Amino acid sequence: PILASAHESSCICLWSIQGNLMKELLPFSEHPSGPLTTLCTDIFTKILLTGSKEGYIIRWNIASFLEDSRNRKNKIKEELCWRAHATEVVDLFIEEEKNVVVTASIDGSVRLWHARTGYYFGYFGQARKFELSDTSRLILPSDVRDFSAIIKEESQHMEKKKVIYPLMLDRDK
(Lines give C-alpha, C1' and ligand atoms only; values in the text may rest on other atoms or scores of the structure.)
Protein backbone atom coordinates (compact mmCIF):
# COMPACT_ATOMS: atom_id res chain seq x y z
CA PRO A 1 0.00 0.00 0.00
CA ILE A 2 1.05 3.55 -0.72
CA LEU A 3 -0.44 6.95 0.03
CA ALA A 4 -0.10 9.89 -2.32
CA SER A 5 -0.67 13.53 -1.52
CA ALA A 6 -0.94 16.45 -3.93
CA HIS A 7 0.10 19.92 -2.83
CA GLU A 8 -0.34 23.56 -3.73
CA SER A 9 3.35 23.77 -4.64
CA SER A 10 2.72 21.21 -7.47
CA CYS A 11 4.66 18.67 -5.42
CA ILE A 12 3.49 15.07 -5.16
CA CYS A 13 4.51 13.12 -2.06
CA LEU A 14 4.43 9.34 -1.92
CA TRP A 15 4.21 7.85 1.57
CA SER A 16 4.51 4.35 2.94
CA ILE A 17 1.58 3.07 4.95
CA GLN A 18 3.75 3.55 8.06
CA GLY A 19 3.91 7.30 7.32
CA ASN A 20 7.46 7.43 5.94
CA LEU A 21 8.08 9.75 3.00
CA MET A 22 9.22 7.61 0.06
CA LYS A 23 9.45 10.21 -2.73
CA GLU A 24 8.80 13.87 -3.49
CA LEU A 25 8.55 14.98 -7.09
CA LEU A 26 7.50 17.90 -9.22
CA PRO A 27 6.17 17.88 -12.78
CA PHE A 28 8.66 18.86 -15.49
CA SER A 29 6.38 19.35 -18.48
CA GLU A 30 6.74 22.60 -20.42
CA HIS A 31 3.37 23.87 -19.16
CA PRO A 32 3.36 24.80 -15.48
CA SER A 33 0.58 22.79 -13.93
CA GLY A 34 0.00 25.09 -10.96
CA PRO A 35 -1.28 23.92 -7.57
CA LEU A 36 -2.49 20.31 -7.64
CA THR A 37 -6.13 19.85 -6.68
CA THR A 38 -6.90 16.17 -7.22
CA LEU A 39 -5.26 12.82 -7.92
CA CYS A 40 -6.21 9.21 -8.58
CA THR A 41 -4.66 5.90 -9.60
CA ASP A 42 -5.76 3.04 -11.76
CA ILE A 43 -6.96 -0.13 -10.08
CA PHE A 44 -3.51 -1.76 -10.24
CA THR A 45 -1.67 1.37 -9.00
CA LYS A 46 0.51 1.56 -12.09
CA ILE A 47 -0.74 4.95 -13.26
CA LEU A 48 -1.11 8.11 -11.19
CA LEU A 49 -3.17 11.00 -12.57
CA THR A 50 -3.06 14.51 -11.14
CA GLY A 51 -5.33 17.47 -11.85
CA SER A 52 -4.41 21.08 -11.25
CA LYS A 53 -5.90 24.46 -10.52
CA GLU A 54 -4.81 25.57 -14.01
CA GLY A 55 -6.86 22.80 -15.68
CA TYR A 56 -3.98 20.44 -16.55
CA ILE A 57 -3.95 16.65 -16.22
CA ILE A 58 -0.62 14.87 -15.80
CA ARG A 59 -0.21 11.12 -16.24
CA TRP A 60 2.61 9.43 -14.28
CA ASN A 61 3.83 5.83 -14.56
CA ILE A 62 4.63 4.66 -11.02
CA ALA A 63 4.71 0.88 -11.62
CA SER A 64 8.49 0.30 -11.65
CA PHE A 65 9.02 2.58 -8.64
CA LEU A 66 6.47 0.67 -6.57
CA GLU A 67 7.98 -2.70 -7.50
CA ASP A 68 11.20 -1.75 -5.72
CA SER A 69 11.28 1.80 -4.37
CA ARG A 70 14.82 1.37 -2.99
CA ASN A 71 16.31 0.73 -6.43
CA ARG A 72 17.35 4.14 -7.81
CA LYS A 73 16.96 2.87 -11.40
CA ASN A 74 13.22 2.45 -10.87
CA LYS A 75 11.92 5.95 -11.44
CA ILE A 76 8.54 7.54 -11.65
CA LYS A 77 7.97 8.64 -15.23
CA GLU A 78 5.86 11.60 -16.22
CA GLU A 79 4.33 10.35 -19.46
CA LEU A 80 1.70 12.83 -20.58
CA CYS A 81 0.40 16.32 -19.85
CA TRP A 82 -2.67 17.96 -21.32
CA ARG A 83 -4.98 20.89 -20.69
CA ALA A 84 -8.38 19.41 -19.88
CA HIS A 85 -10.20 22.54 -18.70
CA ALA A 86 -9.70 26.29 -18.71
CA THR A 87 -10.38 26.33 -14.96
CA GLU A 88 -9.61 24.19 -11.90
CA VAL A 89 -9.97 20.42 -12.10
CA VAL A 90 -11.94 19.30 -9.04
CA ASP A 91 -12.16 15.56 -9.68
CA LEU A 92 -10.94 12.88 -12.05
CA PHE A 93 -10.90 9.12 -12.37
CA ILE A 94 -9.69 6.53 -14.83
CA GLU A 95 -12.10 3.96 -16.28
CA GLU A 96 -9.82 1.13 -17.29
CA GLU A 97 -12.25 -1.07 -19.18
CA LYS A 98 -12.92 1.69 -21.74
CA ASN A 99 -9.46 3.28 -21.30
CA VAL A 100 -10.84 6.76 -20.60
CA VAL A 101 -10.20 9.49 -18.06
CA VAL A 102 -13.17 11.45 -16.78
CA THR A 103 -12.46 14.98 -15.53
CA ALA A 104 -14.66 17.54 -13.78
CA SER A 105 -14.04 21.25 -13.37
CA ILE A 106 -15.42 24.15 -11.36
CA ASP A 107 -16.87 25.45 -14.63
CA GLY A 108 -19.46 22.66 -14.34
CA SER A 109 -18.20 20.57 -17.26
CA VAL A 110 -17.43 16.84 -17.17
CA ARG A 111 -15.21 15.63 -20.02
CA LEU A 112 -13.91 12.33 -21.42
CA TRP A 113 -10.31 11.79 -22.57
CA HIS A 114 -8.32 8.86 -23.92
CA ALA A 115 -6.25 7.58 -20.97
CA ARG A 116 -3.01 6.91 -22.89
CA THR A 117 -2.95 9.82 -25.33
CA GLY A 118 -5.04 12.60 -23.78
CA TYR A 119 -7.25 12.83 -26.90
CA TYR A 120 -10.57 14.54 -26.25
CA PHE A 121 -13.72 12.46 -26.78
CA GLY A 122 -16.33 14.96 -25.66
CA TYR A 123 -18.35 16.19 -22.71
CA PHE A 124 -21.34 14.89 -20.82
CA GLY A 125 -24.51 16.45 -22.19
CA GLN A 126 -23.38 16.69 -25.82
CA ALA A 127 -25.83 15.81 -28.58
CA ARG A 128 -23.62 13.25 -30.35
CA LYS A 129 -22.61 9.86 -28.93
CA PHE A 130 -19.08 9.31 -27.64
CA GLU A 131 -16.86 7.60 -30.23
CA LEU A 132 -14.28 5.93 -27.98
CA SER A 133 -12.56 3.88 -30.68
CA ASP A 134 -11.47 6.78 -32.90
CA THR A 135 -8.38 8.54 -31.51
CA SER A 136 -7.16 9.77 -34.88
CA ARG A 137 -9.31 12.92 -34.93
CA LEU A 138 -7.54 15.63 -33.02
CA ILE A 139 -10.28 17.77 -31.56
CA LEU A 140 -10.27 20.02 -28.53
CA PRO A 141 -12.93 21.56 -26.34
CA SER A 142 -13.78 25.13 -27.30
CA ASP A 143 -12.06 26.64 -24.23
CA VAL A 144 -8.77 24.70 -24.55
CA ARG A 145 -6.11 25.49 -27.13
CA ASP A 146 -3.24 23.16 -26.16
CA PHE A 147 -2.88 19.61 -27.47
CA SER A 148 -1.53 16.91 -25.17
CA ALA A 149 2.24 16.75 -24.76
CA ILE A 150 4.00 13.41 -24.60
CA ILE A 151 6.90 13.67 -22.21
CA LYS A 152 10.25 12.48 -23.57
CA GLU A 153 11.87 9.56 -21.79
CA GLU A 154 15.15 11.37 -21.19
CA SER A 155 13.56 14.31 -19.36
CA GLN A 156 14.57 14.63 -15.73
CA HIS A 157 12.29 15.25 -12.79
CA MET A 158 12.91 18.24 -10.61
CA GLU A 159 13.57 16.86 -7.18
CA LYS A 160 12.29 18.96 -4.35
CA LYS A 161 15.16 20.35 -2.36
CA LYS A 162 15.13 19.81 1.38
CA VAL A 163 14.72 23.17 3.05
CA ILE A 164 14.25 23.57 6.76
CA TYR A 165 11.88 26.32 7.80
CA PRO A 166 11.96 26.83 11.55
CA LEU A 167 8.61 27.58 13.10
CA MET A 168 8.57 31.08 14.51
CA LEU A 169 5.81 32.80 16.43
CA ASP A 170 4.84 36.16 14.95
CA ARG A 171 2.73 37.94 17.55
CA ASP A 172 1.76 40.71 15.10
CA LYS A 173 -0.05 38.26 12.82
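Which residue of S3 does Leu14 stand opposite? In this predicted model, the residue across from Leu14 is Lys23 in S3, and with that pairing in mind we can begin a walk along the chain, taking the strands in the order in which they are numbered.

Leu14 falls within strand S2, which covers residues 12–16 and pairs with S3 in the antiparallel sense over 4 bridges. These two strands belong to an open sheet of 3 strands, arranged in the order S1-S2-S3 with antiparallel pairing. At the edges of this sheet stand strand S1 (2–6) and strand S3 (21–25), each of which pairs on one side only. From one strand to the next, the twist averages 15°.

Further along the chain comes strand S4, residues 36–41, which is joined to S5 by 5 bridges, the two strands running antiparallel. A particular pair shows how they line up, since Leu36 stands opposite Ser52 in S5. The hairpin made by S4 and S5 has 5 residues between the strands, and in this hairpin Thr45 takes a positive phi near 55°.

Strand S5 itself, residues 47–52, deserves a pause, because 6 of its 6 residues are buried and the strand is therefore largely enclosed by the rest of the structure. To follow that reasoning, it helps to know that a residue is called buried when its relative accessible area is under 20%. In a regular strand the side chains alternate between the two faces of the sheet. The residues of S5 can be sorted in this manner: Ile47, Leu49 and Gly51 point one way, while Leu48, Thr50 and Ser52 point the other way, and all of them are buried.

On leaving S5 the chain enters another hairpin, formed by S5 and S6 with 3 residues between them, and in its turn Gly55 has a positive phi of about 95°. Strand S6 spans residues 56–61 and is joined to S5 by 5 bridges, again with the strands running antiparallel. Here Leu49 stands opposite Arg59 in S6, and Arg59 is a residue to keep in view for the next step.

How many salt bridges does a search of the whole structure find? The search finds 1 salt bridge, and the side chains that meet in it are those of Arg59 and Glu79, at 2.7 Å from N to O. This pair links distant parts of the chain, with Arg59 in strand S6 and Glu79 in strand S7 (residues 77–83), 20 residues apart. The two partners can also be described by their surroundings: Arg59, at 10% relative accessibility, counts as buried, whereas Glu79, at 24% relative accessibility, counts as partly exposed.

Beyond S7 the chain forms an open sheet of 4 strands in the order S8-S9-S10-S11, with antiparallel pairing. Strand S8 (89–95) and strand S11 (120–123) stand at the edges of this sheet, and each has a single partner strand, so one side of each is left without a neighbour in the sheet. Neighbouring strands here are turned by 20° against each other on average, when direction is ignored. Within the sheet, S8 is joined by 6 bridges to strand S9, residues 100–105, the two running antiparallel, and Ile94 stands opposite Val101 in S9.

The UniProt record, in an unreviewed entry, places the feature "repeat: WD" at residues 82–118. Over residues 82–118 the chain is 0% helix and 54% strand, and the C-alpha atoms at the two ends are 6 Å apart.

Our last stop is a group of aromatic rings, for the structure holds 2 aromatic pairs. Trp82 and Trp113 form a tilted pair, with 6.0 Å from centre to centre and 45° between the planes. Trp82 lies in strand S7 and Trp113 in strand S10 (residues 110–114), so this pair ties together parts that are 31 residues apart in sequence. Both Trp82 and Trp113 are buried, and Trp113 also forms a tilted aromatic pair with Tyr120, at 5.0 Å centre to centre and with 55° between the planes. The relative accessibility of Trp113 is 1%, and Tyr120, at 9% relative accessibility, counts as buried as well. Taken together, these ring pairs link Trp82, Trp113 and Tyr120 into a cluster.

Key. Residues numbered from 1 in each chain as written. Predicted model: local features only at pLDDT ≥ 70, side-chain atom pairs only at ≥ 80, totals over all residues. Heavy atoms only, no water. UniProt positions renumbered as here; feature names shortened; annotations may be inferred. Pairing = 2+ DSSP bridges. Axes fitted to C-alpha atoms, helices over the stretch in contact; angles between N-to-C directions. Buried < 20%, exposed > 50% of the residue type's maximum accessible area, 1.4 Å probe, protein only. Salt bridge = Lys/Arg side-chain N within 4 Å of Asp/Glu carboxyl O. Phe/Tyr/Trp six-rings, centres within 6.5 Å; stacked < 30°, edge-to-face > 60°.
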